[in-house]
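User: I'd like a close look at one part of this model, the inside. Here it is.
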Amino acid sequence: MSPTSRPTDPLPRVWDPDSRVGDMLKGKRGLVVGIANADSIAYGCAVKLRAFGADLAVTYLNEKAEKYVRPLAEQLQAQIIAPLDVQQPGALETLFERIGREWGSLDFVIHSIAFAPREDLHGRVVDCSADGFAQAMQVSCWSFLRMAKLAEPLMDKGGVLVTMSYYGSDKVVGNYNLMGPVKAALEASVRYAAAELGEKGIRAFAVSPGPLKTRAASGIAQFDELVQMAQERAPQHRLVDIAEVGRVVAFLVGGASSGMTGDTIYVDAGLHNVA
(Lines give C-alpha, C1' and ligand atoms only; values in the text may rest on other atoms or scores of the structure.)
Protein backbone atom coordinates (compact mmCIF):
# COMPACT_ATOMS: atom_id res chain seq x y z
CA MET A 1 0.00 0.00 0.00
CA SER A 2 1.47 3.36 -0.97
CA PRO A 3 1.88 6.15 1.61
CA THR A 4 -0.70 8.27 -0.21
CA SER A 5 -3.33 5.53 -0.01
CA ARG A 6 -2.64 4.47 3.58
CA PRO A 7 -5.88 4.74 5.58
CA THR A 8 -5.93 7.32 8.33
CA ASP A 9 -7.64 7.00 11.68
CA PRO A 10 -11.42 6.71 11.30
CA LEU A 11 -13.17 9.67 12.86
CA PRO A 12 -16.66 8.91 14.17
CA ARG A 13 -19.10 11.63 13.13
CA VAL A 14 -21.69 10.49 15.64
CA TRP A 15 -20.65 9.51 19.15
CA ASP A 16 -21.17 5.84 19.85
CA PRO A 17 -20.02 4.31 23.16
CA ASP A 18 -18.99 1.21 21.21
CA SER A 19 -16.35 3.30 19.43
CA ARG A 20 -14.49 3.86 22.68
CA VAL A 21 -10.78 3.17 22.29
CA GLY A 22 -10.08 2.54 25.95
CA ASP A 23 -10.04 4.05 29.41
CA MET A 24 -6.67 5.84 29.34
CA LEU A 25 -8.40 9.14 30.19
CA LYS A 26 -11.30 7.81 32.24
CA GLY A 27 -11.99 10.11 35.16
CA LYS A 28 -10.36 13.13 33.53
CA ARG A 29 -12.35 16.24 32.77
CA GLY A 30 -11.37 18.85 30.25
CA LEU A 31 -12.40 21.95 28.36
CA VAL A 32 -12.28 22.04 24.54
CA VAL A 33 -12.43 25.50 22.95
CA GLY A 34 -12.56 26.02 19.20
CA ILE A 35 -15.09 23.61 17.68
CA ALA A 36 -16.82 25.31 14.75
CA ASN A 37 -17.96 22.24 12.82
CA ALA A 38 -17.07 18.59 12.20
CA ASP A 39 -13.94 19.60 10.27
CA SER A 40 -12.41 21.59 13.14
CA ILE A 41 -9.13 20.50 14.69
CA ALA A 42 -10.78 21.01 18.07
CA TYR A 43 -13.47 18.50 17.10
CA GLY A 44 -10.84 15.91 16.15
CA CYS A 45 -9.30 16.45 19.58
CA ALA A 46 -12.65 16.22 21.35
CA VAL A 47 -13.58 12.97 19.60
CA LYS A 48 -10.31 11.28 20.51
CA LEU A 49 -10.31 12.58 24.09
CA ARG A 50 -13.82 11.24 24.55
CA ALA A 51 -12.90 7.98 22.84
CA PHE A 52 -10.28 7.45 25.54
CA GLY A 53 -12.84 8.10 28.27
CA ALA A 54 -12.50 11.79 29.14
CA ASP A 55 -15.50 13.91 30.12
CA LEU A 56 -15.77 17.15 28.16
CA ALA A 57 -16.87 20.74 28.43
CA VAL A 58 -17.36 22.25 24.96
CA THR A 59 -17.81 25.87 23.94
CA TYR A 60 -19.32 27.58 20.92
CA LEU A 61 -18.62 31.13 19.75
CA ASN A 62 -22.13 32.59 19.56
CA GLU A 63 -25.77 31.81 18.75
CA LYS A 64 -25.00 31.45 15.04
CA ALA A 65 -22.31 28.85 15.77
CA GLU A 66 -24.37 27.01 18.40
CA LYS A 67 -26.55 25.19 15.83
CA TYR A 68 -23.42 23.57 14.37
CA VAL A 69 -21.55 22.90 17.61
CA ARG A 70 -24.26 21.78 20.02
CA PRO A 71 -25.19 18.61 18.07
CA LEU A 72 -21.53 17.58 17.97
CA ALA A 73 -21.11 18.29 21.68
CA GLU A 74 -24.24 16.30 22.50
CA GLN A 75 -23.00 13.35 20.44
CA LEU A 76 -19.87 13.43 22.58
CA GLN A 77 -21.99 13.57 25.74
CA ALA A 78 -20.38 16.84 26.78
CA GLN A 79 -21.36 17.57 30.36
CA ILE A 80 -21.01 21.33 29.88
CA ILE A 81 -21.95 23.16 26.67
CA ALA A 82 -21.49 26.90 26.91
CA PRO A 83 -20.96 30.05 24.82
CA LEU A 84 -17.53 31.65 24.76
CA ASP A 85 -16.32 34.72 22.91
CA VAL A 86 -12.91 35.53 24.36
CA GLN A 87 -13.22 39.12 23.11
CA GLN A 88 -16.15 39.74 25.44
CA PRO A 89 -15.06 41.05 28.86
CA GLY A 90 -15.75 38.54 31.61
CA ALA A 91 -16.69 35.69 29.26
CA LEU A 92 -13.75 33.49 30.21
CA GLU A 93 -14.26 34.17 33.90
CA THR A 94 -17.95 33.22 33.62
CA LEU A 95 -17.08 29.95 31.89
CA PHE A 96 -14.42 28.92 34.40
CA GLU A 97 -16.68 29.86 37.31
CA ARG A 98 -19.27 27.47 35.91
CA ILE A 99 -16.68 24.72 35.49
CA GLY A 100 -15.55 25.24 39.06
CA ARG A 101 -19.11 25.21 40.33
CA GLU A 102 -20.20 22.08 38.42
CA TRP A 103 -16.97 20.07 38.37
CA GLY A 104 -14.79 21.53 41.10
CA SER A 105 -11.63 20.60 39.21
CA LEU A 106 -10.17 20.45 35.71
CA ASP A 107 -7.58 18.14 34.17
CA PHE A 108 -6.94 19.68 30.75
CA VAL A 109 -7.68 22.61 28.46
CA ILE A 110 -7.56 22.44 24.66
CA HIS A 111 -7.20 25.92 23.15
CA SER A 112 -7.81 25.84 19.40
CA ILE A 113 -8.85 29.35 18.41
CA ALA A 114 -7.14 32.01 16.30
CA PHE A 115 -8.21 35.14 14.47
CA ALA A 116 -6.81 38.12 12.61
CA PRO A 117 -8.79 40.78 10.72
CA ARG A 118 -8.86 39.93 7.03
CA GLU A 119 -7.25 43.18 5.87
CA ASP A 120 -4.34 42.70 8.27
CA LEU A 121 -3.99 38.97 7.55
CA HIS A 122 -3.85 39.50 3.78
CA GLY A 123 -1.35 42.34 3.89
CA ARG A 124 2.33 42.54 4.68
CA VAL A 125 3.26 42.06 8.32
CA VAL A 126 4.99 45.46 8.36
CA ASP A 127 1.76 47.08 7.18
CA CYS A 128 -0.54 45.58 9.83
CA SER A 129 -2.57 47.98 11.93
CA ALA A 130 -2.08 48.36 15.65
CA ASP A 131 -5.69 47.37 16.27
CA GLY A 132 -5.45 44.33 13.98
CA PHE A 133 -2.25 43.15 15.63
CA ALA A 134 -3.73 43.61 19.09
CA GLN A 135 -6.92 41.74 18.16
CA ALA A 136 -4.97 38.85 16.64
CA MET A 137 -2.82 38.62 19.75
CA GLN A 138 -5.79 38.81 22.11
CA VAL A 139 -7.78 36.03 20.47
CA SER A 140 -4.92 33.78 19.36
CA CYS A 141 -2.39 34.16 22.17
CA TRP A 142 -3.53 36.12 25.23
CA SER A 143 -6.68 33.99 25.53
CA PHE A 144 -4.46 30.93 26.03
CA LEU A 145 -2.59 32.64 28.85
CA ARG A 146 -5.84 33.77 30.44
CA MET A 147 -7.22 30.24 30.26
CA ALA A 148 -4.04 28.98 31.91
CA LYS A 149 -4.48 31.51 34.71
CA LEU A 150 -8.13 30.60 35.27
CA ALA A 151 -7.47 26.87 35.05
CA GLU A 152 -4.61 27.01 37.57
CA PRO A 153 -6.73 26.89 40.77
CA LEU A 154 -8.86 24.08 39.28
CA MET A 155 -5.77 21.99 38.51
CA ASP A 156 -4.75 21.47 42.12
CA LYS A 157 -3.62 17.93 41.27
CA GLY A 158 -1.87 18.95 38.07
CA GLY A 159 -3.14 19.25 34.54
CA VAL A 160 -2.33 19.82 30.88
CA LEU A 161 -2.75 22.89 28.67
CA VAL A 162 -2.64 22.42 24.89
CA THR A 163 -2.85 25.03 22.14
CA MET A 164 -2.55 24.88 18.34
CA SER A 165 0.29 26.46 16.39
CA TYR A 166 1.74 26.20 12.87
CA TYR A 167 5.13 25.94 11.15
CA GLY A 168 4.77 29.59 10.09
CA SER A 169 5.72 30.54 13.64
CA ASP A 170 9.29 29.39 13.02
CA LYS A 171 9.80 29.94 9.28
CA VAL A 172 8.39 32.46 6.84
CA VAL A 173 5.47 30.81 5.01
CA GLY A 174 3.94 32.63 2.07
CA ASN A 175 0.55 34.22 2.84
CA TYR A 176 0.63 33.19 6.51
CA ASN A 177 1.64 36.77 7.22
CA LEU A 178 0.49 38.25 10.53
CA MET A 179 -0.29 34.87 12.06
CA GLY A 180 3.41 33.98 11.93
CA PRO A 181 4.47 36.46 14.64
CA VAL A 182 1.29 35.72 16.59
CA LYS A 183 1.93 31.97 16.64
CA ALA A 184 5.57 32.60 17.55
CA ALA A 185 4.33 34.53 20.58
CA LEU A 186 1.93 31.69 21.37
CA GLU A 187 4.72 29.10 21.35
CA ALA A 188 6.84 31.33 23.61
CA SER A 189 3.82 31.67 25.92
CA VAL A 190 3.61 27.88 26.13
CA ARG A 191 7.23 27.68 27.26
CA TYR A 192 6.76 30.34 29.92
CA ALA A 193 3.50 28.81 31.14
CA ALA A 194 5.22 25.44 31.42
CA ALA A 195 8.01 26.99 33.49
CA GLU A 196 5.76 29.04 35.73
CA LEU A 197 3.15 26.35 36.40
CA GLY A 198 5.43 23.32 36.45
CA GLU A 199 5.76 23.28 40.24
CA LYS A 200 2.02 22.68 40.44
CA GLY A 201 2.19 19.74 38.09
CA ILE A 202 0.65 21.69 35.21
CA ARG A 203 2.22 20.97 31.83
CA ALA A 204 1.82 22.97 28.62
CA PHE A 205 2.22 22.15 24.93
CA ALA A 206 1.76 23.64 21.49
CA VAL A 207 0.70 21.18 18.81
CA SER A 208 1.66 22.17 15.28
CA PRO A 209 -0.34 20.40 12.56
CA GLY A 210 0.35 20.85 8.90
CA PRO A 211 -2.16 22.80 6.80
CA LEU A 212 -5.66 21.41 7.29
CA LYS A 213 -8.78 22.40 5.39
CA THR A 214 -10.71 23.94 8.25
CA ARG A 215 -13.02 26.94 8.21
CA ALA A 216 -10.41 29.01 10.04
CA ALA A 217 -7.74 28.19 7.44
CA SER A 218 -9.99 29.40 4.63
CA GLY A 219 -9.15 32.97 5.63
CA ILE A 220 -5.54 32.54 4.52
CA ALA A 221 -4.91 33.82 1.00
CA GLN A 222 -4.07 31.15 -1.60
CA PHE A 223 -4.55 28.42 0.98
CA ASP A 224 -5.03 25.75 -1.69
CA GLU A 225 -1.49 26.44 -2.92
CA LEU A 226 -0.20 26.01 0.63
CA VAL A 227 -1.96 22.65 0.84
CA GLN A 228 -0.54 21.51 -2.49
CA MET A 229 2.97 22.52 -1.41
CA ALA A 230 2.59 20.58 1.83
CA GLN A 231 1.45 17.45 0.01
CA GLU A 232 4.35 17.64 -2.42
CA ARG A 233 7.06 18.30 0.16
CA ALA A 234 5.99 16.13 3.10
CA PRO A 235 7.90 12.82 3.28
CA GLN A 236 4.60 10.91 3.13
CA HIS A 237 3.22 13.24 0.42
CA ARG A 238 -0.03 13.76 2.27
CA LEU A 239 -1.74 15.94 4.81
CA VAL A 240 -2.57 14.75 8.29
CA ASP A 241 -6.20 14.68 9.41
CA ILE A 242 -7.88 16.01 12.52
CA ALA A 243 -8.12 12.54 14.04
CA GLU A 244 -4.34 12.15 13.91
CA VAL A 245 -3.96 15.48 15.68
CA GLY A 246 -6.54 14.35 18.23
CA ARG A 247 -4.64 11.14 18.99
CA VAL A 248 -1.47 13.11 19.74
CA VAL A 249 -3.42 15.47 21.99
CA ALA A 250 -4.88 12.48 23.84
CA PHE A 251 -1.33 11.21 24.40
CA LEU A 252 -0.23 14.59 25.77
CA VAL A 253 -3.21 14.74 28.13
CA GLY A 254 -2.55 11.20 29.33
CA GLY A 255 0.01 10.04 31.85
CA ALA A 256 2.35 8.59 29.22
CA SER A 257 3.64 12.12 28.49
CA SER A 258 4.35 12.95 32.14
CA GLY A 259 8.03 13.63 31.43
CA MET A 260 7.28 16.24 28.78
CA THR A 261 6.31 19.93 28.97
CA GLY A 262 6.88 23.21 27.19
CA ASP A 263 7.36 21.62 23.78
CA THR A 264 5.96 22.33 20.34
CA ILE A 265 4.86 18.98 18.95
CA TYR A 266 4.70 18.73 15.16
CA VAL A 267 1.93 16.59 13.67
CA ASP A 268 2.46 17.39 9.98
CA ALA A 269 3.60 14.14 8.33
CA GLY A 270 7.21 15.33 8.65
CA LEU A 271 6.74 18.51 6.60
CA HIS A 272 8.68 20.70 9.05
CA ASN A 273 11.79 18.56 8.57
CA VAL A 274 12.00 19.19 4.83
CA ALA A 275 13.92 22.24 3.61
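What percentage of the 275 residues in the protein chain is buried, and which residues touch the most other members of the largest nonpolar core?

Analyst: Quick caveats: this is a predicted model, with local features needing pLDDT of at least 70 and side-chain atom pairs pLDDT 80 or more, while totals for chains, interfaces and linings use all residues. Numbering runs from 1 along each chain, and side-chain values use heavy atoms, leaving out hydrogens and water.

Buried residues (under 20% relative accessible area, 1.4 Å probe, protein chains only) come to 51% of the 275 in the protein chain. The largest nonpolar core (buried Ala, Val, Leu, Ile, Met, Phe, Trp, Tyr and Cys joined through side-chain atoms within 4.5 Å) has 42 residues, and those touching the most other members are Ile35, Leu49, Leu56, Ile110, Met164, Val245 and Val249. At least two core residues come from each of α1 (41–51), β2 (55–60), α2 (63–75), β4 (108–111), β5 (159–164), β6 (202–209), α8 (242–253) and β7 (264–267). Top contributor is α1, with 7 residues; helices (H or I, at least four residues) and strands (E, at least two) are DSSP runs, numbered from the N terminus.

Zoom in on Ile110: setting aside residues up to four places away in sequence, Ile110 touches Leu31, Val32, Val33, Cys45, Leu49, Val162, Met164, Val249 and Val253. There's also a second, separate core of 34 residues, including Leu84, Cys141, Ala151 and Leu154. Chain-wide, take the contacts (heavy atoms within 4.5 Å) between residues at least 6 apart in sequence: 77% join residues at least 24 apart.

Note on methods. Buried < 20%, exposed > 50% of the residue type's maximum accessible area, 1.4 Å probe, protein only.
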